[in-house]
Amino acid sequence: MKKTLSFLLVLATVFSLGTTALADSGKCSCNMTPVVYVPGFGEPIYKNPGTEEKVSVFPPEEDAITAAVPDIVKAVLFGLAIGNFDAFGTYAMKAADTILGAAACDNEGNPVENTGVEYEDPTVDTHKNTAFVSDDRDDNGYFMFIYDWRLDPIENARLLREYISKVKALTSHDEIVLSAHSQGNTVVMSYLYLYGNSGIEKLVLLSPAYQGLSLIGSLFAQEVSVIGKGDALAEYLNGVMGYENPTSRLIAAAIKEINKIGTVDGILHYLQRLLDDQLDRVFAECLTDIMGTLPGVWAFVPDEYYEAAKAKVFKGSDEYSVLIEKADYYHYNVQTETASILVNAKKSGTDIVICAGYNISSIPVTKAETAHSDFLIDTGYMSLGAVCAPFGKTLGEKYAQQKTACGHNHVSADGIADASTCLFPEYTWFFKNNGHASFGSGYCEFIEWAIRHKGQPTVHTNKKYPQFMEVSAEELVPVREPSAEKPESNCEIIISSLITLIKESVDK
Ligand SMILES: [Zn+2]
Ligand SMILES: [Zn+2]
């Protein structure tokens, strides 16, 4: 969270007012292309936004979460402890409705009851015009586009277009750099589809959701499965809590060890029976009425799940035909056309930078559970085609890079990923162990470098920034070959973590 904030602070820093450096043409000659940044999912949604009576509906105000707690407790109690699967379903649905219900859209995918975000116009404060490119990052002009993440990305792209026009007028620049994080990429791709790339100098695409994510695909297609995923669960917990954290190492190693005797899988089997029994019902009532009404969330369903998800969620009902039309329009014109949209943009002069995290297990409830991710989005989707070894393994010593025409090596030194199969192997960077919303200072500096580099930066341009980098104490370092040391056994990890934890508590 802190890291996200630091990046947002960099973006949102209010720059001191400067007079516009206007050339004779009436255009600014400051040489600093303004950056329009389209953030990811999660802008607060209010009822009565922009008024005194505004109430947060997403994230829900504490009251709503507190109100849901008794139902969550009952769901867990009835489902897991007593084995009353029906009661589990009932209380799980009530809790979900209390937490998320107020953010739902109507059957056509439009907001209800005057809910929405607080839109912001770009202001002159956010751009300081200077003829000198300063080393001081605060001199750069950044504008953050606020949007309602529930809406159709196509609709948000129309608003983005208005916003970009305002930025251009305000700064007296004809060109902008367009950068997006996560869901913001569904809006940027829609923008490119609708309006083309004219006036866009560069696209800087961070952890992009333009191909969706298998987690949402699996949920919507109702292919959630937890059977046999004890080890994946351990890896995931380890990743979420941090590999260097002794508690998480201890828990993960313990889960793996217990899993060897089948206990974890036994619990997962039980959980799966409960899910099989109740998922249809919970999905029918929660997913269709809440998540399923949000076109912005439909854009997260990857192509390989899309038709199955529609069939499962809407069950052929006419009631949702307008919503389905919107979702289809985005899916079949933008999501499945991402590659051609980007290739065309590049051909007609827009430079491209793509950043993807890897070496973090995806959430182990999907069929893609061995996939690499940044916690949330699959590395293969974000990078537009990288081949990754199954999580925790390498591609193997005999592995040969799949595409060799360019003459470079595009396989990571740790043997985990092959970037030669990406749509843009020369412009796609990988950040090992970097979480979806982690913006450490090293990563921010890289983004800044990529934005300000004149022309197309490539993975060969700057020795400091090769194709595969690792985040180490906020800084970026090139990914190295794994050391030859033999990996610790679970028992060794458990013992060493316990010793560390005991030492820590004694120190306190
Ligand atoms: Zn300027
Ligand atoms: Zn190459």
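These are my notebook entries on a predicted model of one protein chain.

**Entry 1. Overall content**

I began with the secondary structure and recorded 16 helices and 15 strands in the protein chain. I then looked up burial: 47% of the 508 residues count as buried. For contacts with a separation of 6 or more, I noted that residues 24 or more positions apart account for 75% of them.

**Entry 2. The sheet around β2**

I looked up the strand order here and found an open sheet of 3 strands, β3-β2-β4, with antiparallel pairing. Which strands stand at the edges? They are β3 (55-58) and β4 (115-116); each has a single partner strand, so one side of each is left without a neighbour in the sheet. I next followed strand β2, residues 45-47, which pairs with β3 in the antiparallel sense over 3 bridges. Within this pairing I located Y46 opposite S56 of β3.

**Entry 3. The largest nonpolar core**

I turned to the nonpolar cores, and the largest has 127 residues. The residues with the most contacts inside this core are V36, V188, L203, V204, F220, V353 and I354. I asked which helix gives the most to the core. It is α3, residues 85-100, with 7 residues. I then compared the core with the domain bounds: domain 1 (2-44 + 115-212 + 337-478) and domain 2 (56-114) both give residues to this core, so the core lies between them. As background I noted that in soluble globular proteins nonpolar side chains tend to be buried together.

I took V36 as one of the core residues to inspect further. Leaving aside residues up to four places away in sequence, I found V36 touching F143, F145, Y163, I164, V167, I176 and L178.

**Entry 4. Strand β7 and its partners**

I examined strand β7 (residues 200-206) for burial and found 7 of its 7 residues buried. I then looked up its pairing with strand β6 (residues 176-181): the two run parallel and are joined by 6 bridges. A180 stands opposite L205 in β7. I traced the connection from β6 to β7 and saw that the chain passes through helix α5, residues 184-195, in a right-handed β-α-β crossover.

I also recorded the pairing of β7 with strand β8 (residues 351-358), which is parallel and has 5 bridges. Here V204 stands opposite V353 in β8. Both V204 and V353 are listed among the residues with the most contacts inside the largest nonpolar core.

**Entry 5. Helix α11**

I checked the length of helix α11 (residues 303-314): its 12 residues reach 17 Å from the first C-alpha to the last, close to the 16 Å expected at 1.5 Å a residue. Which residues of α11 are buried? I listed Y305, Y306, A309, K310, K312 and V313. In reading this list I kept in mind that an α-helix has 3.6 residues a turn, so residues three or four places apart point the same way. I noted that K315 follows α11 and has a positive phi, near 50 degrees.

**Entry 6. A413**

I located A413 in the loop between β11 (387-388) and β12 (417-418). Why does A413 count as partly exposed? I found 15 C-beta neighbours inside 10 Å, whereas a buried residue needs 20 or more and an exposed one has 12 or fewer. I then looked up the separation of A413 and R480, which are 67 residues apart in sequence but 5.3 Å apart in space, C-alpha to C-alpha. Apart from residues up to four places away in sequence, A413 touches F468, V479, R480 and E481.

Note on methods. Residues are numbered from 1 along each chain as its sequence is written. Chains are lettered from A and ligands numbered from 1 in the order in which they are written. This is a predicted model: local features need pLDDT of at least 70, side-chain atom pairs count only at pLDDT 80 or more; totals for chains, interfaces and linings use all residues. Helices (H or I, at least four residues) and strands (E, at least two) are DSSP runs, numbered from the N terminus. Two residues are in contact if their C-beta atoms, placed from the backbone, lie within 7 Å. Two strands pair if DSSP finds at least two bridges between them. A nonpolar core is a set of buried Ala, Val, Leu, Ile, Met, Phe, Trp, Tyr and Cys residues joined through C-beta atoms within 7 Å. Domain bounds come from an automatic or database domain assignment. A crossover is right-handed if, with the strands pointing away from the viewer, the path from the first strand over the helix to the second runs clockwise. The expected span of a helix is 1.5 Å times one less than its number of residues.
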